[in-house]
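Visitor: I have not seen this structure before. Please show it to me and take my questions in turn.

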Amino acid sequence: MTTREPVSTSFTASSTADEVVRGVDLTGVRAIVTGASSGIGIETARVLSAAGAEVTLAVRNTTAGDAVAETITKSTGGIRPRVVRLDLADRNTITRFVDGWGGPLHLLINNAGVVTGGLERTREGWELQFATNHLGHFALATGLRDALALGAADRGGARIVSVSSTAHMRSGIDFDDLHFERRSYDPQIAYAQSKTANSLFGVEATRLWASDGIIANAVNPGGVATGLQRNFTTRQRESLDAAEAAGVFTYKTVEQGAATSIVAAVAPEFAHSGGHYLDDAQEAYTVPNDADLAQHPHGVKEWALDPATAKRLWTVSTDLLRV
């Protein structure tokens with residue numbers, strides 16, 4: 001475990017995204033927010049736009065995205081967000097999105113996520129939660145790497161923010177059976193594996209790209225009631241209720257849930273410091289892999305920050321996407 005002091009900010013669990021961005025001028029910043037047609041994604045995009053950023057809403061449902069863009073424009077008076085279709089489980093849409101992007105990119109918010117109640121697969125045969133939450137975002141980020149480097153060059157840095165979850169504490173990466181081809185399927189473990197992968201991405205992306213001014217961090221938004229829970233099974237809902245009762249989390253508003261993403265996106269403390277996992281607007285403290293979630297609800301397990309595991313996952317992900 002790390003012995004250094006975690007990076008801290010002046011914000012707390014109750015801070016809102018608006019409070020984090022107050023006084024920050026993002027004029028000229030070009031940002032992408034995936035999954036920006038619902039929940040935390042909408043609030044993240046709204047706050048960035050209100051601060052002057054040129055925001056692209058990367059969404060599966062462009063009709064819903066257009067409605068969000070219109071609402072954001074009316075509420076902020078800022079530049080109307082651009083809406084582009086992106087399905088993270090469909091590599092063709094990722095390729096089209098990347099090919100259609102021109103010029104620099106300063107901020108990539110990998111916010112979108114999916115939760116399934118049972119085993120679902122992509123057409124490649126990949127387990128859907130891992131494919132969407134990790135592989136899709138991995139393909140998007142690596143595809144936009146040159147644009148991020150351009151962004152870093154003209155503004156002194158570019159940032160990637162990946163939305164993880166306290167669920168990462170349930171599982172590391174099972175490299176022997178990433179897609180549940182042999183083990184019994186547990187949607188909670190599958191989701192947990194994908195959220196650990198989101199954190200590990202930031203570790204290796206920062207190692208590889210920091211010299212070009214690109215850094216990446218993962219964030220836990222906390223417990224926020226959004227559309228992500230719509231596919232929960234009875235067991236998943238009961239598990240969530242039990243976690244709340246045990247004090248693992250307290251529900252936040254959407255405005256509070258988006259705050260940690262905005263901290264990672266704009267706070268000076270993370271301008272050049274990556275490979276971290278943030279919780280409640282601070283860098284989380286690291287706990288052993290056998291630590292109990294109920295006792296460490298704001299910690300991050302070692303397996304989610306391990307450099308060797310992050311490097312291996314990057315290689316495996318790259319190989320998968322070559323097929």
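Visitor: In what order do the strands of the open sheet run?

Guide: This is a predicted model, where local features need pLDDT of at least 70, side-chain atom pairs count only at pLDDT 80 or more, and totals for chains, interfaces and linings use all residues. Residues are numbered from 1 along each chain as its sequence is written, and side-chain values use heavy atoms, leaving out hydrogens and water. The open sheet has 8 strands with mixed pairing (two strands pair if DSSP finds at least two bridges between them; strands are DSSP E runs of at least two residues, helices H or I runs of at least four, numbered from the N terminus). Their order is 3-2-1-4-5-6-7-8.

Visitor: Which strands stand at the edges?

Guide: An edge strand here has a single partner strand, so one side of it is left without a neighbour in the sheet. The strands in that position are strand 3 and strand 8 (282-283).

Visitor: Which residue is the bridge partner of Ile160 in strand 6?

Guide: Strand 5 (residues 158-163) and strand 6 (residues 214-220) pair in the parallel sense over 6 bridges. In strand 6, Ile160 is partnered by Ala216.

Visitor: Is Gly77 buried or exposed?

Guide: Gly77 sits in the loop between helix 3 (62-76) and strand 3 (82-85). Buried means under 20% relative accessible area, partly exposed lies in between, and exposed means over 50% (1.4 Å probe, protein chains only). With a relative accessible area of 64%, Gly77 is exposed.
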